[in-house]
Structure formats: C-alpha cells, structure tokens
Amino acid sequence: MSSLYTRSKEFTRNRKSQSDSPPASPSPTAKTLRHERLSRLESGGSNPTTSDSYGDRASARARREAREARLATLTSRVEEDSNRDYKKLYESALTENQKLKTKLQEAQLELADIKAKLEKMAQQKQEKTSDRSSMLEMEKRERRALERKMSEMEEEMKVLTELKSDNQRLKDENGALIRVISKLSK
C-alpha cells in the first residue's frame with residue numbers, strides 16, 4: 001500500500017506542476033502512445049486472442065505510418081508553398097507577358113510596314129512595266145514611221161538621181177543644139 005500511496009502523491013505533485021506550466025505540444029512518442037491507446041479502444045474492449053491483437057497492432061502501425069506519411073507530405077507541401085512566393089511569381093509572369101505583348105505589337109507594326117513597302121514596290125513595278133510597254137509601243141510606232149519615211153526618201157532619191165541624169169542629158173543636148181545653131185547662123 002505504501003507504494004501506491006507514494007505514487008499517488010507523485011501523481012498529484014506532477015499534475016500541479018503541469019497545470020502551472022503553459023501547455024506544450026506533445027512529443028512524438030506521446031503522440032504515438034496516444035494513437036496506440038485510441039486504436040486499442042477502437043478495436044473493442046473484449047479480450048482478443050494473441051493473433052488478433054498482433055493483427056490489430058500491425059494495422060494500427062500501418063495506419064500510423066500512413067498518417068505520418070500524410071503529415072510529412074502536408075508539411076513538405078506547406079514548406080514548398082511557403083518557399084514559393086505566389087505574388088512574386090504572378091508579378092514576374094505579368095511583366096513577362098507585358099514584354100511579350102510589346103514585342104508582338106512591334107513585330108506586327110514591322111510586318112505592316114513591310115507589307116506596305118511591298119505593295120508600293122509592286123505598284124511601282126506594275127507602273128514601270130505598263131510604262132515600258134507603252135514606251136515600247138511608242139518606240140515601235142516611231143520606228144515604223146521612220147522606216148516608212150526612209151523608204152519614201154529612198155524612192156525620192158532614186159527619182160532625184162533619175163531626174164539629175166535626165167537633166168544632165170538635157171543640158172548636154174541643149175549645149176549641142178546651141179553649137180549647131182551657132183554654126184548654122186555663121
């Protein structure tokens with residue numbers, strides 16, 4: 001009895017000291033012990049056989065390990081989330097989007113300028129070809145007119161040479177007649 005009595009004194013003493021101190025988070029071993037007690041209570045209050053208790057313990061251990069794994073992933077996710085500063089990521093994405101939009105607008109303006117220049121060049125080329133074709137037609141007409149004039153002049157030159165030869169012949173005849181008349185008149 002004395003051993004029980006000393007225990008109860010220590011228990012009350014421990015309780016008073018615990019109530020005076022602020023509540024602290026339970027240690028991992030206390031958590032596991034609490035989970036084991038809860039799992040025993042959930043399994044039922046009857047006297048299980050040794051194989052059943054071993055299976056219960058294994059399933060409780062498996063559940064505890066799964067719970068710990070979930071907690072570990074949650075804490076790692078929380079750490080990852082705290083490492084990521086979503087506002088900074090959003091702002092950097094926004095600035096990058098703005099830069100890309102300005103580059104796109106500049107490229108579109110440049111494309112429009114190039115299209116306008118191409119259209120102007122195409123119009124100038126078309127005008128030049130139409131001018132060239134009209135110039136070629138005019139040159140052809142002028143050439144034909146010149147060829148006609150040349151052929152007419154050649155014919156006139158032939159006529160002129162004939163006339164000159166006829167004129168010379170007539171002069172010679174006239175000279176001969178004058179000589180004959182002068183001899184006869186003497």
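These legends describe close-up views of a predicted model.

**View 1. The whole protein chain is built from helices and has no strands.**
The count comes to four helices and zero strands. Along the sequence, the pattern reads α-α-α-α. The chain holds 186 residues, and buried residues make up 2% of them. The chain exposes about 18,000 Å². Carbon and sulfur atoms supply 56% of that exposed area.

**View 2. A positive patch lies on the surface.**
Five names belong to this view: Lys140, Arg141, Arg143, Arg144 and Arg148. Together they form the positive surface patch. Lys140 is part of helix α4, which covers residues 86–185. Is Lys140 buried, partly exposed or exposed? Lys140 is partly exposed, because its relative accessibility is 48% and that class lies between the 20% and 50% cut-offs.

**View 3. Arg169 pairs with Asp166 in helix α4.**
The two side chains meet in a salt bridge, at 3.6 Å from N to O. Side chains of opposite charge can pair when their charged atoms come close. How far apart in the sequence are Arg169 and Asp166? They are three residues apart, about one turn of the helix. Arg169 has a relative accessible area of 42%, so it counts as partly exposed. Asp166 is partly exposed too, at 34% relative accessibility.

**View 4. Arg169 also pairs with Glu173.**
Here the salt bridge spans 3.3 Å, again N to O. Why are Arg169 and Glu173 separated by about one helical turn? The reason is their spacing, because they are four residues apart in helix α4. Glu173 has 40% relative accessibility, so it counts as partly exposed.

**View 5. Asp166, Arg169 and Glu173 form one network.**
Salt bridges that share partners join these residues. Arg169 takes part in the bridge with Asp166 and in the bridge with Glu173. How many salt bridges does the model hold in total? The count comes to two. Each residue of the network is partly exposed: Asp166 at 34%, Arg169 at 42% and Glu173 at 40%. Helix α4 holds Asp166 and Arg169, and Glu173 lies in helix α4 as well. Lys140, from the positive patch, is found in helix α4 too.

Methods
Residues numbered from 1 in each chain as written. Predicted model: local features only at pLDDT ≥ 70, side-chain atom pairs only at ≥ 80, totals over all residues. Heavy atoms only, no water. Patch = residues over 30% accessible without salt bridge, like charges linked within 9 Å, V, L, I, M, F, W, Y side chains within 5 Å. Areas by Shrake-Rupley, 256 points an atom, 1.4 Å probe, with all protein chains shown as cover. Salt bridge = Lys/Arg side-chain N within 4 Å of Asp/Glu carboxyl O. Lys, Arg positive; Asp, Glu negative; His and termini not counted. Charge placed at Lys NZ, Arg CZ, Asp CG, Glu CD. Helix = DSSP H or I, 4+ residues; strand = E, 2+ residues; numbered from the N terminus. Buried < 20%, exposed > 50% of the residue type's maximum accessible area, 1.4 Å probe, protein only.
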